[in-house]
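Colleague: Hey, can you walk me through this one? I'm new to reading structures, so plain words please.

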Amino acid sequence: MSSSPAGAAADSVQKVYVHGTAVHRSWADRSASLTDLIFSATRTALERASIRWRDIDSVVLGAHDVTDGRSLTSMVTAPAAGAYLKDEIRLGEDGASAFVLGTAQVRSGSCGACIVAAWGRASESDPDAVAAALFDPFFSQPLGLTEITVSALRAGAALARYPGYQEWRGPAGARRRAAAGVEARRPAVQLPLRSGELPVWSDIVAVAVLSAQPGPVEVRGVGMSTEPYQVGDRDLLGLPALSQASGQALRSAGCAVGEVGVLELDGLTLFDEALALEAVGAASAGDGMRVLAQRSDINADGGFAAGYCAPAMGLVRICAAAGRLTGGSDLALATGSTVVAAQGQAAIVLSRNQGGG
Amino acid sequence: MCPVRELAIIGVGQTAYRRRHDCSTPELVSQAVTAALHDAGIPMQDVDIVTGGFAPDGLAGENCPDKRFLPAAGAVGRWSMRVNTGGTTGIAAAYAAMDLLAARYGDIAVAVGVERMAQAVNVPAVFNSIFDPVYERDTGLSTISMGALRAARMMMKWGYTPQVWAEVAARNYAHATRNPLAQITRPYTADEVLASRLLAWPIRQLDACPISEGVCAVVLAGAEVAQRGRAVAWVRGRASCTDTYNMGDRFDRADGDLVDLLSLHRATEKALGQAGLPSAAEADVVEIHAPFTHAETMAYAPLRFCAAEDGADLVRAGFGRWDSRPVINPSGGPQAANPVGATALVRLAECALQVRRAAGERQVPDAALAVATGQGGASQFSTCTVLTAA
Amino acid sequence: MAELTADQEPVPPLTIAGHWDFRYQYFAGDAASRFFHELGNGRIMGTLCPQCQRVLVPARGFCDACYVSTTDWRQVGDRGRLETFTILASRFPGLPDPPVVIGYVTLAGASTALLNFVLGLDLTDVEAAATRLLAQPAVEVRFRDQREGRITDFFFQLADA
């Protein structure tokens, strides 16, 4: 990766601003189709951005065919996100990756204003069956793995290596349980994970409206990285892709993680959130669970327990971060992890635009 | 706005396109990417970004199969993204890479388009499940019948006949005999096309594309990297446009009828405008992404070859044949091989080979300007890319 | 430990059988729910876009071309124009034996066309049937006696049949 994306080329790219966001969460609302949910959230984000739909140049989406039960989902769903006669592209990735691509389109100067949207509607499908199908049919599927299994393997490794994880999982989990939705919507427990440490499935649409025109929040840095596919080839505790992605994002923003007041880190379970804190450098190795327990401002909405469905979650964290910046802090770091079990990571540094907008 | 960074295609690698039971998906990806990097003269360590296209997941019977093959394209430790836009998936993966390079998030990117559809035992059922489950799936709609609905309307409006489309097929099959990567290398005649099995009236077996697998990879770079004295293909124009899903909303629509292919019309208008061209007829080579013969002719008016009602006469006059200009689909086009997740990238890759004069036996002499289209969804996702030699 | 060398006998490529079967419950939402409910009353309804004034059939909650919510409901006529058609020649799970005709029809009062089966046509000679349909004959809606709230609760047939 270019070591100085913000350096020599800075005057040949556009600054990018977040003008409006919307996050919709519900469960099995029979009054609304998937496209109704997407339309409603996107309209809300546009209204908050005070940008007219006709002034939008491009639409970047994050959605999965199998989650949506539509074998080419954007064919049916993209127009609901405002794609009619626009430049539109759909990633089969987490919404944070879509946000990076949308940012690139504006930054490059080829696009003035962009809608980024990502969604997942867990109530229409069977999230456990969908997750099981993510594993390759030759080596992994016969073993019945899901993404929760990989998180359980992470949890087991963390508990074995770091004493603080056992000590602090209770208090950290208690705070997440306080934010949690309905117990019946959690996946089956896979030890050593406990029920309250697991996500609560939800129907989620997240939308952000970007523009090169100055707005309340500036995109200051982005980073991405990718891990191997096979779980056995990965560093389950170190999350190297997240370290690399957040390191790039912070470097390109010209700041250190200690200066970042708002942390919104995507994690499927309590242990994924704690390990993410370590990977981005906000906690030292082994100390992530303690920091998560003691800092109620990390994923203040309740994180995975407030409702979860891939691939919306990275964009949910970005939207939350943008919202919290307008409330006072100057810098935010938001991250999003992609299937399979955080194989890819994207990190975004946002700042409050002092000049307003 | 700032000037947008200039980009070029500096390498191409392709596997042969057919049913590939001999290799795993990651092995095929590795072969194509290795070939593309070799063609570019770039070592993997210089690559910043990897984008991958695959579509749809149901054809492979794997959920997010990209996660298994992107590492074989070099994704580990790098930026990576998987794109899925149906038929345009492959070119959209290249566009995503171009967007990231244009934003100066890197200098070199690899884009791969991948297809594994022979893993699907029941392809029509997968293609039915792409349609709206509420209003349209119950009618048994598939990509073939979706195409046939357009073909019939072109017959109603513009006087097309199956004979005209059989001529188009015969030309594509003739061109494919020059392409060692093609799946169908037999030069079927127009009469053989007309005698082939009826799939969905008026579409016959040889009007349609085969079930193909394989991988296409391209290496893309910013201008500073591309200028190294090697032949490259400059990206002079590119645009993408998405129309409504609802086919029923497009009949006699003021902006354009269902068969006017408004999305391609808009994408072409923008891409040709960027390149300063009045018409794609100025090109030496045009690779049209059309999995059916009628769909190729549906692209003629959007590409500014002719007025929509004159398309049949254009075909009858021998348009697009080898000794004319532009040559349409010197590779044989999707009728000779249509690996869905790769096919729109194959169109781009073939154009890049042509303007780099690296297309071998299918090289159009002195090709310097080429146009590639992409088409997907419910004939609703369209792309147009203009490449030049200099 | 045994080592394999490059000149080993090739083994046959392995194929593992799989199946792709996920259960879904698609929420049709308010607009489509009312559309299907009204089919039960023998009526085909569309929604009005307040901006472009199109009557969108089948009904939906928003107009994607104007990007606004639809407002009022309108009943449309039961006769219309066949915009296009195809005659399916291949067998498909759940469908009657081929040949089967499907077509888009714009009903009187509607701004958009909807897709359904066209029944009652003599298909013994497919080419002759196609020639007849190319002339875009008037068609009319026929409701089935047993309706279950699906698009297949009705079909089209030629008006002069």
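Modeller: Sure, and let's start with a term: two strands pair if DSSP finds at least two bridges between them. Keep in mind that this is a predicted model.

Colleague: Okay, so what is the bridge partner of Leu48(C) in strand 2 of chain C?

Modeller: The partner is Val55(C). Strand 1 of chain C, residues 44-48, pairs with strand 2 of chain C in the antiparallel sense, over 2 bridges.

Colleague: And what order do the strands take in that open sheet of chain C?

Modeller: The order is 2-1-5, an open sheet of 3 strands with antiparallel pairing.

Colleague: Which strands stand at the edges?

Modeller: Strand 2 (55-56) and strand 5 (73-76) of chain C do. Each has a single partner strand, so one side of each is left without a neighbour in the sheet.

Colleague: What holds paired strands to each other, in general?

Modeller: Strands of a sheet pair through backbone hydrogen bonds, and the pairing is either parallel or antiparallel.

Colleague: Cool. Switching topic: how many residues do chain C and chain B put into their contact?

Modeller: Chain C gives 37 residues and chain B gives 31. On the chain C side, the elements that give two or more residues are strand 6 (79-88), strand 7 (100-107), strand 8 (114-119) and helix 2 (126-134).

Colleague: Which of them gives the most?

Modeller: Strand 6 of chain C, with 6 residues. By class, the side of chain C that touches chain B has 24 nonpolar, 10 polar and 3 charged residues.

Colleague: In what sense do strand 5 of chain B and strand 6 of chain C pair?

Modeller: Antiparallel, over 2 bridges, with strand 5 of chain B covering residues 198-201. As for a bridge between the two chains, Ala200(B) has Leu88(C) as its partner in strand 6 of chain C.

Colleague: Nice. How about chain B and chain A, how many residues does each give to their contact?

Modeller: That contact takes 58 residues from chain B and 56 from chain A. On the chain B side, helix 2 (57-60), helix 3 (66-69), strand 3 (79-83), helix 4 (89-102) and strand 8 (233-242) each supply at least two residues. Helix 4 of chain B has the largest share, 6 residues.

Colleague: How does that side of chain B divide by class?

Modeller: The side of chain B that touches chain A has 29 nonpolar, 14 polar and 15 charged residues.

Colleague: Now chain A by itself. Which domains does the assignment give?

Modeller: Domain 1 is 11-125 + 201-211 and domain 2 is 220-352. Their C-alpha centres lie 20 Å apart. The contact takes 30 residues from domain 1 of chain A and 24 from domain 2 of chain A.

Colleague: Where does the largest share of the domain 1 side come from?

Modeller: From helix 4 of chain A, which gives 7 residues. That side of domain 1 divides into 16 nonpolar, 9 polar and 5 charged residues.

Colleague: Last one: how do helix 6 and helix 9 of chain A cross?

Modeller: Their axes come within 9 Å and cross at roughly 60°. The two helices are therefore oblique to each other, and the crossing is left-handed.

Colleague: Which residues make that contact?

Modeller: Helix 6 of chain A brings Ser151(A), Arg154(A), Ala155(A) and Ala158(A), while helix 9 of chain A brings Phe271(A), Asp272(A) and Leu275(A). By class, that contact has 4 nonpolar, 1 polar and 2 charged residues.

Conventions: Residues are numbered from 1 along each chain as its sequence is written. Chains are lettered from A and ligands numbered from 1 in the order in which they are written. This is a predicted model: local features need pLDDT of at least 70, side-chain atom pairs count only at pLDDT 80 or more; totals for chains, interfaces and linings use all residues. Domain bounds come from an automatic or database domain assignment. Two residues are in contact if their C-beta atoms, placed from the backbone, lie within 7 Å. Helices (H or I, at least four residues) and strands (E, at least two) are DSSP runs, numbered from the N terminus. Ala, Val, Leu, Ile, Met, Phe, Trp, Tyr, Cys and Pro count as nonpolar, Asp, Glu, Lys and Arg as charged, and the others, Gly among them, as polar. Axes are lines fitted to C-alpha atoms, for helices over the stretch in contact, and angles run from 0 to 180 degrees between N-to-C directions. Angles under 35 degrees count as roughly parallel, over 145 as roughly antiparallel, 65 to 115 as roughly perpendicular and the rest as oblique. A crossing is left-handed if the near helix is turned anticlockwise from the far one by less than a right angle, and right-handed if clockwise.
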